[in-house]
Amino acid sequence: QAQLVESGGGLVQPGGSLRLSCAASGSIVSIDAMGWYRQAPGKARDLVAAITTGGSTNYADSVKGRFTISRDNAKNTVYLQMSSLKPEDTAVYCCHAVYRNMVRRRTREEWGQGTQDTVAS
């Protein structure tokens with residue numbers, strides 16, 4: 001089993017910035033990809049950004065130009081730098097990883113517990 005621990009959530013005013021971190025640990029041999037999803041009250045959970053081990057990135061159209069995802073492969077940690085935040089960015093942000101565990105290097109996936117980000121004046 002792998003564990004994902006998120007940090008960095010909080011309350012900011014519109015136009016402000018937050019930086020989220022997600023550290024993966026446990027029975028991990030390698031990580032294929034890590035990403036961030038978010039879910040606002042009453043809405044479905046949607047992909048925000050993802051990054052592969054090689055550095056390829058994908059972003060939701062709603063956050064392009066404002067959010068930046070990065071990764072420290074040596075530490076199995078992914079970051080999400082969020083700038084020019086809007087009230088509609090308010091949501092619970094969850095980290096996600098696709099990895100190979102130590103049991104015959106089989107592919108598995110894991111979710112973090114989520115961190116609350118609130119953008120309000």
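Me: Let me start with the term: a salt bridge is a side-chain nitrogen of Lys or Arg within 4 Å of a carboxyl oxygen of Asp or Glu. With which residue does Arg38 form a salt bridge here?

Reply: Before that, know that this is a predicted model, where local features need pLDDT of at least 70, side-chain atom pairs count only at pLDDT 80 or more, and totals for chains, interfaces and linings use all residues. Residues are numbered from 1 along each chain as its sequence is written, and side-chain values use heavy atoms, with hydrogens and water left out. Now your case: Arg38 pairs with Asp89, and the closest N and O atoms are 3.0 Å apart. Arg38 sits in strand S4 and Asp89 in the loop between S8 and S9, so the pair ties together parts 51 residues apart in sequence. Strands here are DSSP runs of E, at least two residues long, numbered from the N terminus.

Me: Which residues are joined into one network by salt bridges that share partners?

Reply: Asp89 also forms a salt bridge with Arg66, with the closest N and O atoms 2.8 Å apart. That second pair links the loop between S8 and S9 to the loop between S6 and S7, 23 residues apart. Shared partners thus put Arg38, Arg66 and Asp89 into one network.

Me: Is Asp89 buried or exposed?

Reply: The idea is relative accessible area: under 20% is buried, over 50% is exposed, and in between is partly exposed (1.4 Å probe, protein chains only). Asp89 is buried, at 2%, and Arg38 is buried as well, at 14%. Arg66 is buried too.

Me: How many salt bridges does the count come to?

Reply: Four. Another one of them joins the side chains of Arg100 and Asp32, at 4.0 Å from N to O. Arg100 is in strand S9 and Asp32 in strand S4 (residues 28-39), so this pair ties together parts 68 residues apart in sequence. Arg100 is partly exposed at 33%, and Asp32 is partly exposed at 32%.

Me: What about a charged residue without a partner: how far away is the nearest side chain of opposite charge to Glu6?

Reply: For charge, Lys and Arg count as positive and Asp and Glu as negative, while His and the chain ends are not counted. Glu6 is buried with no salt bridge, and that nearest opposite charge, Arg45, is 8.8 Å away. Look at polar atoms instead: the Glu6 side chain has one 3.1 Å from the backbone nitrogen of Gln113 and one 2.9 Å from the backbone nitrogen of Gly114. Beyond four places in sequence, its contacts (heavy atoms within 4.5 Å) include Ser21, Trp36 and Tyr93.

Me: Where is Glu6 placed, and how do I read the sheet around it?

Reply: In general, strands of a sheet pair through backbone hydrogen bonds, either parallel or antiparallel. Two strands pair if DSSP finds at least two bridges between them. Glu6 is in strand S1 (residues 2-7), which belongs to an open four-stranded sheet ordered S1-S3-S8-S7 with antiparallel pairing. S1 and S7 (67-72) stand at the edges with a single partner strand each, so one side of each has no neighbour in the sheet. Six bridges join S1 to S3 (residues 18-26), and Ser7 has Ser21 as its bridge partner in S3. Ser21 is buried, at 18%.

Me: Which side chains of strand S11 point to one face and are buried?

Reply: In S11 (residues 115-119) the side chains alternate: Thr115, Asp117 and Val119 are on the buried face, while Gln116 and Thr118 point to the other and are not buried. S11 is joined to S2 (residues 11-12) by two bridges in parallel, and to S9 by three bridges running antiparallel.

Me: Last one: which residue in the hairpin of S9 and S10 takes a positive phi?

Reply: Most residues other than glycine have a negative phi. Arg104 goes the other way, with a positive phi of about 60 degrees although it is not a glycine. Its hairpin has five residues between the strands, and the strands S9 (residues 91-101) and S10 (residues 107-111) pair antiparallel over five bridges. Arg104 is exposed, at 69%. Ser84 also has a positive phi, near 50 degrees; Ser84 is in the loop between S8 (77-82) and S9 and is partly exposed at 42%.

Technical notes
Polar contact = N/O pair within 3.5 Å; in protein donor to acceptor, adjacent residues only side chain to side chain.
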